[in-house]
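Here is a friendly walk through a few helices and single residues. Have the structure open and follow along.

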Amino acid sequence: MSSLYALDRTPWGWSLWPRQAGQVRAPLPPEQPSTSRTSGGGLSASSARPSRCPPWRGPPRPAPHPSPSPSPAAPDLTLACLSAAGCLGSRHCMTLLLFLGMANAYVMRTNMSVAIVAMVNHTALPHATPDAVDVEDCGPGSSQAGKNHDSDSDGEFVWNTYTQSYILSSFFYGYVLTQIPFGVLAKRYGAKYFLGVGMLINSVFGLLVPVAAYAGVGPLIAVRFIQGLGEGPIVPCTHALLAKWVPPNERSRMGAFVYAGAQFGTVVSMPLSGLLAAYGFAGGWPSIFYVFGIVGTIWSLVFLFYGHEDPESHPTIDPAERKYIVTSLWGTAGASSPPIPWVSILKSMPFWAILMAHIGQNYGYETLMTELPTFMKQVLHFDIKQNGTASALPYLAMWIFSMLLSVVTDWMISTRISHTAARRIVNSIGQYGPAVALVIASYTGCNQLLTVAILTLGMGMNGGIYSGFKVNHLDISPRFAGILMSFTNCTANLAGLLAPVTAGYIIHGRPTQAAWREVFFISAGVYVFCATFYLIFSSGQRQAWDDPSLDVPRKDPEANRNGHTKKLNGVDNNGAAIEETQQ
């Protein structure tokens, strides 16, 4: 093998190249690196490499040889993962950090949904009046059994459904206020510190929730509001960092992996919150906020010390990986930072398609995320331990489906299906699926197993949105992806915060299946309308208002030493920058 092939390192891994017979390395003095050159001027395929590989310059050119018969033809072989370093790089480590950050963010967001079930004294609340009881509801025997089973675990707070809805939604009022400001600031000053410090504030104030709850409803709402302010940077800053770290051909998988952290955090939070409420220290439910507050604080400190803004600022990244990322992102990582084209963005129908899909997703998702534990308690009569596990199953399915569908999406794109078609297909699965499941689940009666199975399947299909509209910002405008995400996420959360308030008003005084059916039908209708709008008007192509060729020419440090300027001159079919060097 060593006589026929030479091993050479490329930015994409290691490759074997055919070696011509007689092509040998010339001896050099020991103090010099062995870099013998062929008569054609290129490096010999068998030349020695220094301890840190230099940039790849293409396959070596064979030296002419008077051999009467050429070497036998060999297949083009590529060793993609010759070593662990070739498989995992700094971008994967950064992606893992963002995944864990997204998981912590959703833990902080969802732990109150389970905790409030243990905090409230349900037996002291007004229940359905006789004329509001539906004949389809579970029989009084079943209902009473559920109440008796949980009577000892009732909390000390007598909060009616109106009060509970405002406590649950207070987090989102703070959350929406910081979306657009942090999206703009992240574009101007970088995203790392806004994300790390914001999550640190969120985690520290999470530790204060038990104290605030005993102080009164007002202090509790204020603490949850501040937590929302701290979590505001999570989505726009994560999107901005993905735009700087993830090459276009890895966008579906790595983007879906990061945002699937939301489901991972929910899956961990809900059952663990149920167990802590039943068996935890400090009286049960307070331990929920102490445990997750400490975990979130640890992540924030790790991210601030070990996270990096972009490949250029990473001190230990492999130079080959840095070059691969930067050259594939054609200016999205801060190489050019033109003014934000607000007017063009607001005139763009693909942008409005993403916005509508985001609104539909947040309304339906927040309905289930904040109200599903209450539904499990009031209608299906799960106790607190079963409640957390049953409420987490739909999000476990969503996490698994999101990863599977991300691979399918990349496969579709690799088979020459357009980005536009691929995004529309998976997004339709992700939003029509849960809409149908919500309608069916509202008619399953008291069958606990069937209801949970249908909701699990529907929410599993909802994972398609992470390879649909959720990464579509990166398709239509890589350089302004963080700005676009902050705008759509802010607007979508304004709609999402209405979900618990609407549900609270509908089920107040009558927590029956008929009332919950209204809640589910509203969410299903919003899902269908917004998914249809996205299906008609969405696009997976980069928009004209984000064309780098329209930017003012920028100075390139390397070219500037030779008196040249380098101007981005459009993009090729793979999204790579076409640069034109000018005198």
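Helix H4 carries a kink of about 35°, centred on Ser169. This is a predicted model, so please take the angle as a property of the prediction. H4 covers residues 161–177, and Ser169 is one of its buried residues.

How far does H4 reach from its first C-alpha to its last? The span is 25 Å, close to the 24 Å expected at 1.5 Å a residue. Helix H18 also comes close to its expected value, and the table sets out both helices.

| Helix | Residues | Number of residues | Span, first to last C-alpha | Expected span |
|---|---|---|---|---|
| H4 | 161–177 | 17 residues | 25 Å | 24 Å |
| H18 | 448–461 | 14 residues | 20 Å | 20 Å |

Now for the surroundings of H4. Because 12 of its 17 residues are buried, H4 is largely enclosed by the rest of the structure. The buried set includes the run Ile167, Leu168, Ser169, Ser170, Phe171 and Phe172. Polar residues are found in that set too, among them Thr161, Gln164 and Ser165.

H18 has its own buried residues: Thr451, Val452, Ile454, Leu455, Thr456, Gly458, Met459 and Gly460. What does the side chain of Asn447 do at the start of this helix? One of its oxygens comes to within 3.3 Å of the backbone nitrogen of Leu449.

Another side-chain to backbone contact involves Gln431, which belongs to helix H17 (residues 419–441). Is Gln431 buried or exposed? With a relative accessible area of 0%, Gln431 is buried. A polar atom of its side chain lies 3.0 Å from the backbone oxygen of Ala357.

Just along the chain, the loop between helix H16 (384–414) and H17 holds Arg416. Although Arg416 is not a glycine, its phi is positive, at about 75°. Arg416 counts as exposed because its relative accessibility is 80%, and exposed here means over 50%.

The last stop is on the surface. Which residues make the nonpolar patch of about 650 Å²? They are Ile294, Ile298, Leu301, Val302, Phe305 and Tyr306. Tyr306 is part of helix H12 (residues 286–306), and its relative accessibility of 60% makes Tyr306 count as exposed. An α-helix has 3.6 residues a turn, so residues three or four places apart point the same way. With that in mind, look again at the numbering of Ile294, Ile298, Leu301 and Phe305, which are among the residues of the patch.

How values were computed:
Residues are numbered from 1 along each chain as its sequence is written. This is a predicted model: local features need pLDDT of at least 70, side-chain atom pairs count only at pLDDT 80 or more; totals for chains, interfaces and linings use all residues. Side-chain values use heavy atoms; hydrogens and water are left out. Helices (H or I, at least four residues) and strands (E, at least two) are DSSP runs, numbered from the N terminus. The expected span of a helix is 1.5 Å times one less than its number of residues. The bend at a residue is the angle between axes fitted to the seven residues ending there and the seven starting there. Buried means under 20% relative accessible area, exposed over 50%, partly exposed in between (1.4 Å probe, protein chains only). A polar contact is a pair of N or O atoms within 3.5 Å; within protein, one must be able to donate a hydrogen and the other to accept it, and residues adjacent in sequence count only if both atoms are side-chain atoms. Patches are made of residues with over 30% relative accessible area and no salt bridge: like charges are joined within 9 Å, nonpolar side chains (Val, Leu, Ile, Met, Phe, Trp, Tyr) within 5 Å. Accessible areas come from the Shrake-Rupley method with a 1.4 Å probe; for residues, only the protein chains shown count as cover. A salt bridge is a side-chain nitrogen of Lys or Arg within 4 Å of a carboxyl oxygen of Asp or Glu.
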